[in-house]
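Open the model in your viewer and set it to cartoon. This tour goes from one side chain to a sheet and its helices.

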Amino acid sequence: MAEQSFQLYDTTLRDGTQQEGMVLTVEDKLAVARRLDGLGVGFIEGGWPGAVPKDTEFFRRARTELVLENAVLAAFGATRRPGVQAAVDPQVRALLEAETPVVTLVAKSHTGHVRNALRTTLAENLAMISSTVRHLVHAGRRVFVDAEHYFDGYQLNREYALAVVRAAAEAGAETVVLCDTNGGSLPDEVGAVVAETYAMTGVRLGIHCHNDTGCAVANTMAAVDAGAVHAQGTAHGYGERCGNADLFTVAANLVLKRGREVVPLEKLRELAAVGHAVAELTEVPGTVAAPYIGRAAFTHKAGLHASALRVDPGLYQHTTPELVGNMMRTLVSDMGGRSSIELKARELGYEVEAGSEEVARAATRVKELENAGYSFESADASFELLLREELGGEGPAPYPFEVESWSVGVSGTHAGEVRTEALVRLKVQGRTVTASGQGNGPVNALDTALHTALDPCFPVLAQLELVDYRVRVLSGETGSGAAARVLISYRAGDRRWGTVGVDGNTTAASWQALLDAVHYVLLDGPPGRAEEAPRLTAVTAG
């Protein structure tokens, strides 16, 4: 069971949607809510009914379409308007009509905002808070109050900021959330203000931080250490300007670093998967280097790190990646050595001996090839082909087909139409196969031609999909005269991997990478590993 006394509150569907470029449909919001509920968060804020039509529709549909097993749904809105009774204020009525167990009210705690934004008196603002909270509590709602601009307001007029906290609590608010709305505070300031506020009010406090100083997570942790028992955040730190506190990082920190089980331990193992799913649904990717769940969070490249990790992974990792659903990865590069090769080989499922001649040869080849312009960091498939050659000791593994020739032609018309066509001639299973393919460029055309030629003979290749293509023109500093490095990423189902090619001709480099992808899929499982059929089921995410 998650810790009941601490409230982990997600505001992705409201504050997070203010992220530049994020536009969610009601269907998207329902799907995100289901994934967050599966993680085990305590509260999910669905939006602002009455103010945003899409959010009003979300709450209407949520009543019948959203079955939450762990979280409690919350509606967000403002206190009543100045001079208007809470019972007749349309915005307050909309909050009740959302029919959520929890209502979160935003309230001004900064005197400047009260006078200049609300255009009312300080006394009326306190009355607005009190009467709105009482009205909602009387209607059977649990009420949280977000004290907007609290830290700036506290510095400007401490007594008034404290009066806002007291007014909300005395009217029946369950938790008063102190908001660093402008995101300009630092951890020591946040910790001190939270501690002082609690000491002078005794009210149950929460924290809501924006990331404009890059301290949203640190500020949240400082607030919790100072006594806050409610923390708000958004998936991946989504939000306007620089974003909000990253809910995933906050959750992992609280569980793993503070021993507060704000989500069940078994659910924490789904953290990376939930983060990936939310990013897919919002179409706003998370950061590759995001703590805990980022693809690079437990990735090691330097040889010194790899050498130590071989002895004890804890020497260069602050926690076990599996606890948050992630995994340790080793990057193969000229910065690494035998230890990097050994770790990467074991990660891919190969049994190798520490300090073996095969590992030494592979390490030497990697350094030589990277000096010539290759890069294996994002090309696991090409590295595995290289590794198999060295472990087998018999030179390059034969392709299950033979390339006799390939060509690409590009033609254009006066009207500006461009046509690209590739032609490949292969020997497959003892017979010659010729196939052509058209595309929006040489790589697309060659990829299409390869599929046309090989898919009938090797149906497993039909699942292979080219998803990313990158080319870098290399300087002469590599000493090889290479002109271009091509990195191609592929997908089959939910698995991804990459290949690399280097040549003085960009199309030839692309052809190398394309062939590596096909070769990789068609190979049997690694030596010493159980036979796998088809090979594609064993592809490792690159």
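Helices here are DSSP runs of H or I with at least four residues, numbered from the N terminus. The model you are viewing is predicted.

**Stop one: a side chain in a helix.** Select residues 247-257, helix H10. Phe248 lies in this helix. Is Phe248 buried or exposed? Its relative accessible area is 1%. The limit for buried is under 20%, so Phe248 is buried.

Now show what surrounds Phe248. Leaving aside residues up to four places away in sequence, Phe248 touches Leu36, Leu39, Ala235, His236, Leu271, Val274, Gly275 and Ile293. Pick Ile293 from that list. Along the chain, Phe248 and Ile293 are 45 residues apart. Their C-alpha atoms are separated by 7.9 Å.

**Stop two: the sheet.** Select 401-412 for E11 and 431-439 for E13, then add 418-428 for E12. These 3 strands make an open sheet, ordered E11-E12-E13, with antiparallel pairing. E11 and E13 are the edge strands; each has a single partner strand, so one side of each has no neighbour in the sheet. From one strand to the next, the twist averages 15°.

Zoom in on E12 and E13. They pair over 9 bridges in the antiparallel sense. Find Leu423, which stands opposite Ser436 in E13.

**Stop three: the helices on the sheet.** Select 442-454, helix H17. H17 packs on the sheet and touches E11, E12 and E13. Its direction makes about 145° with that of E13. Next, select 506-522, helix H18. H18 also packs on the sheet, touching E11 and E12. The direction of H18 makes about 140° with that of E11.

Notes. Residues are numbered from 1 along each chain as its sequence is written. This is a predicted model: local features need pLDDT of at least 70, side-chain atom pairs count only at pLDDT 80 or more; totals for chains, interfaces and linings use all residues. Side-chain values use heavy atoms; hydrogens and water are left out. Two strands pair if DSSP finds at least two bridges between them. Helices (H or I, at least four residues) and strands (E, at least two) are DSSP runs, numbered from the N terminus. Axes are lines fitted to C-alpha atoms, for helices over the stretch in contact, and angles run from 0 to 180 degrees between N-to-C directions. Contact means heavy atoms within 4.5 Å. Buried means under 20% relative accessible area, exposed over 50%, partly exposed in between (1.4 Å probe, protein chains only).
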